[in-house]
Amino acid sequence: MDPVNADHEFLLHHSAVEAAPRLLGAILRHESPDGPVAVRLTEVEAYLGAHDSPNPDPGSHGYKGRTERNAVMFGPAGYMYVYFTYGMHFCANIVCGTAGTSTGVLMRAGEIVEGKDLAYTRRPAAKNEQELAKGPARLTQALGIDRQHNGIEVFRSPVTLQLADHPPSPQHLSTGPRVGVSGPGGGHEYPWRFWLSGNKTVSVYRAAKPRQPPVV
DNA sequence: GGTCCGATAGGCT
DNA sequence: GCCTATCGGACCG
């Protein structure tokens, strides 16, 4: 499988944990029939592999093995895994690393750098520019990405990804526990949420809900 | 600013 | 049946 460019080559040879900080500042652009919208990624989360891969991750959708739903995650790097959640939202990941391991980066937030008007029409609830793509489901909504984009390439129209010229300096990079991952795979054991320090479009952190509420 | 809670449908045990 | 890699509106300060 020939990489289409240097950015694709990079994804092929790195796990999601290595690729995630490199994706901060990258531009993801979607050209829909209604027009283009592009975001600069400001917050991402890395998910590593299935239980039988070199880097198992209980928080990963692929942890328990391949199913029809997560099949794209087990494919080659450079494809987009889009899943439906909470009965109404879509979230998008970029598949990384070696095919079969099921490692990918969830895109959690970004700032709109092109197509702001179209993004507002897709996100009427947004009170300001910073809310347009603040959160994983808001980001897909602003970009116009849904289930029909599951399994498409991210280096070929209508979706194109372009990495930043340089990774963020340590001073501009923050890390912490992943949002919403409860039980094994959550908390500080897996500090694989990465964001641009101080950026206004980064979604607020909420600790994952415990499986059973504490008894008072 | 923060916190709480309902909506809603599909995946998986 | 239970759970979910969430959002937005209501309400409180």
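This report describes how a protein meets two DNA strands, which pockets it contains, and how two of its helices and one glycine are placed. The structure is a predicted model.

## DNA strand C

Eighteen residues surround DNA strand C, and those that come nearest are Tyr 83, Asn 93, Arg 123, Arg 138 and Ser 182. Of the atoms of this strand that come within 4 Å of the protein, sugar and phosphate account for 53%.

Two of the nearest residues also make polar contacts with bases. Tyr 83 places a polar side-chain atom 2.9 Å from a base nitrogen of DNA strand C, and Asn 93 places one 2.6 Å from a base nitrogen of DNA strand C. The backbone takes part as well: a polar backbone atom of Ala 137 is 3.2 Å from a phosphate oxygen of DNA strand C.

Three elements each give two or more residues to the surface near this DNA strand, namely strand 4 (89–96), strand 5 (103–114) and helix 4 (136–143). Among the contributors, helix 4 gives the most, with three residues.

## DNA strand B

Around DNA strand B stand Lys 64, Thr 67, Arg 69, Phe 84, Tyr 86, Gly 87, Met 88 and Arg 206. Sugar or phosphate supplies 61% of the atoms of this DNA strand within 4 Å of the protein, and bases supply the rest.

One contact reaches the phosphate and another reaches a base. A polar side-chain atom of Thr 67 is 3.1 Å from a phosphate oxygen of DNA strand B. A polar backbone atom of Tyr 86 is 2.5 Å from a base oxygen of DNA strand B.

## Pockets

The largest pocket holds about 1,400 Å³ of space. Its lining consists of 38 residues, and Tyr 83, Tyr 86, Val 179, Gly 180 and Val 181 lie nearest its centre. Two of these names have already appeared: Tyr 83 is among the residues that come nearest to DNA strand C, and Tyr 86 is one of the residues around DNA strand B.

Strand 2 (35–47), strand 3 (80–85), strand 4, strand 5 and helix 4 each give two or more residues to the lining of the largest pocket. Helix 4 again gives the most, here with four residues.

The second largest pocket holds about 150 Å³ of space. Thirteen residues line it, and the closest to its centre are Ser 15, Asn 55, Thr 98, Thr 101 and Thr 103.

The table sets out the residue classes of the two DNA surfaces and the two pocket linings.

| Region | Nonpolar | Polar | Charged |
|---|---|---|---|
| Surface near DNA strand C | eight residues | seven residues | three residues |
| Surface near DNA strand B | three residues | two residues | three residues |
| Lining of the largest pocket | 18 residues | eleven residues | nine residues |
| Lining of the second largest pocket | three residues | ten residues | no residues |

## Helices 4 and 2

Helix 4 contributes to the surface near DNA strand C and to the lining of the largest pocket. How many of its eight residues are buried? Six are, and helix 4 is therefore largely enclosed by the rest of the structure. The buried residues are Pro 136, Ala 137, Leu 139, Thr 140, Ala 142 and Leu 143. Ala 137 is also the residue whose backbone lies 3.2 Å from a phosphate oxygen of DNA strand C. The cover over the buried residues of helix 4 includes strand 1 (27–32), strand 2, strand 4, strand 5 and helix 3 (116–122). After helix 4 comes Gly 144, with a positive phi near 75°.

Helix 2 (residues 16–23) has eight residues, six of which are buried, so this helix is largely enclosed by the rest of the structure. The buried ones are Ala 16, Ala 19, Ala 20, Pro 21, Arg 22 and Leu 23. Gly 25 follows helix 2, and its phi is positive, near 90°.

## Glycine 62

Gly 62 belongs to the loop between strand 2 and strand 3. Is this residue buried or exposed? Gly 62 is buried, because its relative accessible area is 0%, and a residue counts as buried when that value is under 20%.

Leaving aside residues up to four places away in sequence, Gly 62 touches Ala 50, Asn 70, Phe 74 and Ser 102. Its C-alpha atom is separated by 8.5 Å from that of Leu 48, a residue 14 places away along the chain.

Key
Residues numbered from 1 in each chain as written. Chains lettered and ligands numbered in written order. Predicted model: local features only at pLDDT ≥ 70, side-chain atom pairs only at ≥ 80, totals over all residues. Heavy atoms only, no water. Near = heavy atom within 4 Å. Polar contact = N/O pair within 3.5 Å; in protein donor to acceptor, adjacent residues only side chain to side chain. Nonpolar A, V, L, I, M, F, W, Y, C, P; charged D, E, K, R; others polar. 1 Å grid on protein atoms, 1.4 Å probe; cavity = no way out; pocket = protein on both sides within 12 Å on 5 of 7 lines; lining within 4 Å. Points joined across faces, edges and corners; volume = space filled by probe spheres on them. Buried < 20%, exposed > 50% of the residue type's maximum accessible area, 1.4 Å probe, protein only. Contact = heavy atoms within 4.5 Å.
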